[in-house]
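Me: I'd like a close look at one strand in this model, together with whatever sits around it. Walk me through the pairing first, then wander outwards as far as seems useful.

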Amino acid sequence: MAGTATAIFLLASVTLTLGHPAKDQGKNVGINIVGGVEAVPHAWPAICSLRVYYFEAAYHICGCSIISSEWILTAAHCAVEAKAEDFRIVAGEHDFDVVDETSEQNRYVSQMWVHPKYNSRTYKNDIALMKMDTPLKFNDYVKAAVLSNFTDPDQAAFICAGWGTQYSGGTISSKLRQVELGFFSDTDCRNAYGPTAIADSMICAGSPGKDSCQGDSGGPLFSLDGKVCGIVSWGYGCADPKYPGVYTEVSYYVDDIQTQTANN
């Protein structure tokens with residue numbers, strides 16, 4: 001499914017296409033969960049909801065990962081859609097339909113960093129950091145993620161979690177969902193997408209009938225031991241057997257993350 005790149009964000013019942021044509025015309029940027037199950041509430045306390053103000057309301061547009069009491073990790077293509085002051089972060093979330101869950105902590109964004117070599121055409125270096133205006137209070141519902149030093153094993157599996165659609169063109173899920181995905185080697189992924197599309201700083205993952213889909217870029221790809229090894233980035237279609245999902249490989253950016261969070 002070659003063609004122009006796309007970015008689709010599902011804002012509650014409002015669908016906005018931000019600067020790109022429809023997803024089925026090319027790359028799906030803003031992908032989430034197909035073929036998964038509802039997560040056990042708060043089983044993934046490092047995941048958060050990134051929201052943006054639109055017509056005086058804050059709508060979920062992307063996922064994010066808590067990496068400290070002050071900082072979250074997300075995709076660059078999520079961060080470039082608005083100014084820092086327009087974003088809101090919700091930690092401790094599970095069910096969007098439950099207003100003001102007692103587990104929730106809401107924060108505004110005071111500062112953000114987008115990788116200076118992020119390429120909006122190829123989605124290379126699709127990584128960003130946001131600093132919250134007030135530190136989070138860690139508890140059973142809100143915790144910092146451990147970042148993985150993942151390095152392409154021969155066999156691996158992952159868990160992807162988020163609130164996005166369960167099929168292409170659907171509506172976002174009100175409850176956090178998760179799916180287990182198999183590892184695709186760089187060679188297999190390049191065979192699918194082409195030799196230049198997959199950078200060494202990307203991970204590919206997918207399984208038959210299971211994938212990321214529209215609605216939750218920027219969220220975490222977990223290793224089975226709960227470490228964050230990827231950021232939901234892009235892909236062609238949802239659960240298309242020819243195309244696995246593509247994720248930013250966090251281990252490539254540990255030095256950048258440490259530098260930015262330590263110096264700011």
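**A strand and its neighbours**

Reply: Start with one pair: Ile66 has Ile72, in strand S7, as its bridge partner. Before going on, bear in mind that this is a predicted model, where local features need pLDDT of at least 70, side-chain atom pairs count only at pLDDT 80 or more, and totals for chains, interfaces and linings use all residues. Residues are numbered from 1 along each chain as its sequence is written, and side-chain values use heavy atoms, with hydrogens and water left out.

Now the strand itself. S7 covers residues 71-74, one of 16 strands that the protein chain has alongside 3 helices (DSSP runs numbered from the N terminus: E of at least two residues for a strand, H or I of at least four for a helix). On one side, S7 runs antiparallel to S6, residues 57-66, with 2 bridges between them (at least two DSSP bridges make a pair). The link from S6 to S7 is a hairpin of 4 residues. S7 also runs antiparallel to S10, residues 128-132, this time through 4 bridges, and there Leu73 sits opposite Leu129.

What about the faces? In a regular strand, side chains alternate between the two faces of the sheet. Here Trp71 and Leu73 point to one side of S7, Ile72 and Thr74 to the other, and all of them are buried, so both faces are covered (buried is under 20% relative accessible area, exposed over 50%, partly exposed in between, with a 1.4 Å probe and protein chains only). For the whole chain of 264 residues, 56% are buried.

Follow S10 backwards and you reach the loop that connects S9 (105-114) to S10, which holds Pro116. Pro116 counts as exposed because its relative accessibility is 68%. Its C-alpha lies 9.7 Å from that of Ala76, although the two are 40 residues apart along the chain. Asn125 belongs to the S9-S10 loop too, yet Asn125 is buried, because its relative accessible area is 18%. Its phi is near 60°, a positive value for a residue that isn't glycine.

S9 leads on to S8: the two pair antiparallel over 4 bridges, with Arg88 matched to Tyr108 in S9. S8, residues 87-91, is mostly covered, with 4 of its 5 residues buried. S8 also takes 5 bridges from S5, again antiparallel, and Cys48 faces Ala91 across that pairing.

Just ahead of S5 (47-54) comes the loop from S4 (37-38), where His42 lies. His42 is another non-glycine residue with positive phi, near 70°. It also turns up in the lining of the largest cavity, along with Ala43, Trp44, Pro45, Ile47, Gly92, Glu93, Tyr141 and Leu176. A cavity here is a set of points on a 1 Å grid over the protein atoms alone where a 1.4 Å probe fits but cannot get out, and lining residues have an atom within 4 Å of a point. There is 1 cavity of 30 Å³ or more, and the largest has a volume of about 40 Å³ (the space filled by probe spheres on points joined across faces, edges and corners). Its lining splits into 6 nonpolar, 2 polar and 1 charged (Ala, Val, Leu, Ile, Met, Phe, Trp, Tyr, Cys and Pro are nonpolar; Asp, Glu, Lys and Arg charged; the others, Gly among them, polar).

Methods:
1 Å grid on protein atoms, 1.4 Å probe; cavity = no way out; pocket = protein on both sides within 12 Å on 5 of 7 lines; lining within 4 Å.
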